[in-house]
Amino acid sequence: MPKFKCHCGLIMQLHMEGKEYEFELVQEKNIMKSIEKLEEGNLSINEFIEFMKTNRDVYQCPKCRRLWIEEEKNKFSSYIKE
Ligand SMILES: [Zn+2]
């Protein structure tokens, strides 16, 4: 099971159902395309998955609330509230 360690020391178990700290960063234009196709009654599950596919995972540490954004494959940048 893949794990991700935050700067604060917390270790997140990844890709487990029900984990509230895993997100996807989806471009707004893809969300809008999905809504348009949905309103037209013309959105297949495969199209929806394609619109939502980003390869940009986002994790939010449940301890320190730091955001980790995958800038490129397996390369993350961290952001914390100032
Ligand atoms: Zn943390």
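This briefing covers the metal site, the aromatic residues, the largest pocket and a few single residues of one structure. The model is predicted. A zinc ion is coordinated by four residues, Cys6, Cys8, Cys61 and Cys64. Four aromatic pairs are present. The largest pocket holds about 150 Å³ of space.

**Zinc site**

- The zinc ion is bound through the SG atoms of Cys6, Cys8, Cys61 and Cys64, at 2.2 to 2.3 Å.
- The four donor atoms subtend angles of 102 to 117° around the zinc ion, so the arrangement is tetrahedral.
- For comparison, the ideal angle for four tetrahedral donors is 109.5 degrees.
- Along the chain, the donors of the zinc ion follow the spacing C-x1-C-x52-C-x2-C.
- Cys8 sits in the loop between strand E1 (3–5) and strand E2 (11–13), and Cys64 sits in the loop between strand E4 (57–60) and strand E5 (67–72). Cys8 and Cys64 therefore tie together parts that are 56 residues apart in sequence.
- Cys8 is partly exposed, with a relative accessible area of 27%.
- Cys64 is also partly exposed, at 22% relative accessibility.

**Aromatic residues**

- The structure holds four aromatic pairs.
- One of the pairs is formed by Phe4 and Trp68. Their ring centres are 5.1 Å apart. The planes meet at 70°, and the pair is edge-to-face.
- The pair of Phe4 and Trp68 links distant parts of the chain. Phe4 belongs to strand E1 and Trp68 to strand E5, 64 residues apart.
- Both Phe4 and Trp68 are buried.
- Phe4 and Trp68 join Tyr59 and Phe76 in one aromatic cluster.

**Largest pocket**

- The space in the largest pocket comes to about 150 Å³.
- Its lining includes Pro2, Lys3, Phe4, Leu14, His15 and Asn55. Asp57, Tyr59, Glu70, Lys73, Asn74 and Phe76 are also among the lining residues.
- Strands E1 and E4 each supply at least two residues of this lining.
- By type, the lining residues divide into five nonpolar, three polar and four charged.
- Phe4, Tyr59 and Phe76 are in the lining, and these three also belong to the aromatic cluster.

**Positive phi angles**

- Most residues other than glycine have a negative phi. Two exceptions follow.
- Arg65 is not a glycine, yet has a positive phi of about 70°.
- Arg65 is located in the loop between E4 and E5. Cys64, a zinc ligand, lies in the loop between strand E4 and strand E5 as well.
- Arg65 counts as partly exposed, at 48% relative accessibility.
- Asn74 has a positive phi near 60° and is likewise a residue other than glycine.
- Asn74 is placed in the loop between E5 and E6.
- Asn74 counts as exposed because its relative accessibility is 60%, above the 50% cut-off.
- Asn74 is also one of the residues that line the largest pocket.

**Ser77**

- Ser77 is part of strand E6, which covers residues 75–79.
- Ser77 is partly exposed, with a relative accessible area of 25%.
- Ser77 and Lys33 are 44 residues apart in sequence. In space, their C-alpha atoms are 28 Å apart.

Methods. Residues numbered from 1 in each chain as written. Predicted model: local features only at pLDDT ≥ 70, side-chain atom pairs only at ≥ 80, totals over all residues. Heavy atoms only, no water. Donors = N, O, S within 2.8 Å, 3.2 Å for Na, K, Ca; no water. Tetrahedral: all angles 85-135°; square planar, octahedral: opposite > 155°, others 65-115°. Helix = DSSP H or I, 4+ residues; strand = E, 2+ residues; numbered from the N terminus. Buried < 20%, exposed > 50% of the residue type's maximum accessible area, 1.4 Å probe, protein only. Phe/Tyr/Trp six-rings, centres within 6.5 Å; stacked < 30°, edge-to-face > 60°. 1 Å grid on protein atoms, 1.4 Å probe; cavity = no way out; pocket = protein on both sides within 12 Å on 5 of 7 lines; lining within 4 Å. Points joined across faces, edges and corners; volume = space filled by probe spheres on them. Nonpolar A, V, L, I, M, F, W, Y, C, P; charged D, E, K, R; others polar.
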